[in-house]
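Here are some friendly notes to read alongside the model. Please keep the 3D view open and find each residue as you go.

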Amino acid sequence: MKRITALVIALLMLCLMVPTAAMAEEEKPFWVTHFNDSTSEGAGAIFTQPYQNAGWWLHFAFAPTDVEGVYQIVDSSNGLSDGLALPLEIPEGGFVWAANYGNDYIDLGIGDTDFTSDGCKNCIDDVVASWMTGTLVKFNGLDLEALTVPTSTPGTLWYDDAYVCTATYSIYEGDANVTVPGDDESSAPADDSSAEASDDASTDASSEAESSAAESSEASNASSAASEDESSSADDAEGGLGTGAIIAIIVAAVVVVAVIVVVATKKKKQ
């Protein structure tokens, strides 16, 4: 009896844990120390306006999507090894993130500042291995309106070991469509050639339209009825079970199985 109870509890915990793990996203530190600054070493900078230089930096351009906090990489440029990176165009409604390792001038014997840091290096190495054009990335802790640097140690220099960056990112596995503000095909200007059509052609077209009015009306009614049927079917489909309901069903099933096993065991003992 104790073994059966333990097995049921284990199955119940497994059912509850699996859906949660599937929905979880792995978050990693996102190195952001400056805004619109292409001169600082060992920095991670977000650009919301055109910039220059930054040849020894790694650049990624992000366009917004229809999912809050999720952006898609639309362009990149890597000059970490050769210094030949080019500044990227800022996507409308989006931004460019760029970072560089920085130099340790103390180790080089030509200065007294070490601009390198583990936070910067680890972030660059991670994104080089996982980001590419088309990748969807979800960001947390970014203030793209006030352009506030995400840190819990604002009084500490970004290359200091005690500096803490609080922004994070994760690869987004869901569906998201790139959105460009003001990009509406319906608002595109009409073709000039249509405006140059002759009055005779317009008159003929108008006559043909009037002669087919009855047929268009009947077709419209039929189409409307079909659309209502399809809409009703779509509504029914959208009313499917959510994750919470699925979990509840699994839990209920496990409980029922447990009860059946317990009852069967008692009958055998009798």
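**Notes on the fold, from the aromatic cluster outwards**

1. Start with the rings. One aromatic cluster is formed by Phe 30, Phe 60, Phe 62, Tyr 71, Phe 95, Trp 97, Trp 131, Phe 139 and Tyr 169. Please remember as you look that this is a predicted model. In total, the structure holds 20 aromatic pairs.

2. Now pick out one pair, Phe 62 and Trp 131. How are the planes of these two rings set to each other? They stand at 85°, with the ring centres 5.4 Å apart, so the pair is edge-to-face. Phe 62 sits in strand β4 (residues 58–64), while Trp 131 belongs to the loop between α3 (118–130) and β7 (136–140). The pair therefore links distant parts of the chain, with the two positions 69 residues apart in the count along the sequence. Phe 62 and Trp 131 are both buried.

3. Trp 131 has another partner to show you, Tyr 169. Here the ring centres are 5.2 Å apart and the planes are at 80°, so this pair is edge-to-face. Tyr 169 lies in strand β8 (residues 168–171) and Trp 131 in the loop between α3 and β7, so the contact ties together parts that are 38 residues apart in sequence. Both Trp 131 and Tyr 169 are buried.

4. Next, look at the nonpolar core. The largest one has 38 residues, and those that touch the most other members are Phe 30, Phe 60, Phe 62, Trp 97, Val 127, Trp 131 and Phe 139. At least two residues of this core come from each of β3 (44–47), β4, β5, β6 (95–99), α3 and β7. Which element gives the most to this core? That is β6, with five residues.

5. Step back to see the sheet. It is an open sheet of eight strands with mixed pairing, in the order β1-β8-β7-β5-β4-β6-β3-β2. At the edges stand β1 (28–29) and β2, each with a single partner strand, so one side of each has no neighbour in the sheet. Further in, strand β5 (residues 70–78) pairs with β7 in the antiparallel sense over three bridges. You can find Gln 72 opposite Leu 136 in β7.

6. Strand β3 deserves a close look. It runs parallel to β2, and two bridges join them; here Phe 35 stands opposite Ile 46 in β3. With β6, β3 runs antiparallel, joined by four bridges. The bridge partner of Ala 45 in β6 is Ala 98. Are the faces of β3 covered or bare? Both are covered: Gly 44 and Ile 46 on one side, and Ala 45 and Phe 47 on the other, are all buried.

7. Try His 34 next, in strand β2 (residues 34–35). Its relative accessible area is 12%, which falls under the 20% limit, so His 34 counts as buried. What does the side chain of His 34 meet? A polar contact of 2.7 Å joins the side chain of His 34 to that of Thr 33, and a polar contact of 3.4 Å reaches the side chain of Ser 40. Leaving aside residues up to four places away in sequence, His 34 touches Ser 40, Ala 43, Gly 44, Ala 45, Ile 46, Val 149 and Trp 158.

8. Gly 42 is a good one to find in the loop between β2 and β3. It is buried, with a relative accessible area of 0%. Gly 42 and Thr 116 are 74 residues apart in sequence, yet their C-alpha atoms are 5.5 Å apart in space. Not counting residues up to four places away in sequence, Gly 42 touches Trp 31, Asn 100, Tyr 101, Gly 102, Phe 115, Cys 120 and Trp 158.

9. Finish with charge. How many salt bridges are counted? The count comes to one, and it joins the side chains of Lys 121 and Asp 125 at 2.7 Å, N to O. These two residues are four apart in helix α3, so about one helical turn separates them. Lys 121 is partly exposed, at 41% relative accessibility, and Asp 125 is partly exposed at 30%.

Methods: Residues numbered from 1 in each chain as written. Predicted model: local features only at pLDDT ≥ 70, side-chain atom pairs only at ≥ 80, totals over all residues. Heavy atoms only, no water. Phe/Tyr/Trp six-rings, centres within 6.5 Å; stacked < 30°, edge-to-face > 60°. Buried < 20%, exposed > 50% of the residue type's maximum accessible area, 1.4 Å probe, protein only. Polar contact = N/O pair within 3.5 Å; in protein donor to acceptor, adjacent residues only side chain to side chain. Contact = heavy atoms within 4.5 Å. Pairing = 2+ DSSP bridges. Salt bridge = Lys/Arg side-chain N within 4 Å of Asp/Glu carboxyl O. Core = buried A, V, L, I, M, F, W, Y, C linked by side-chain atoms within 4.5 Å.
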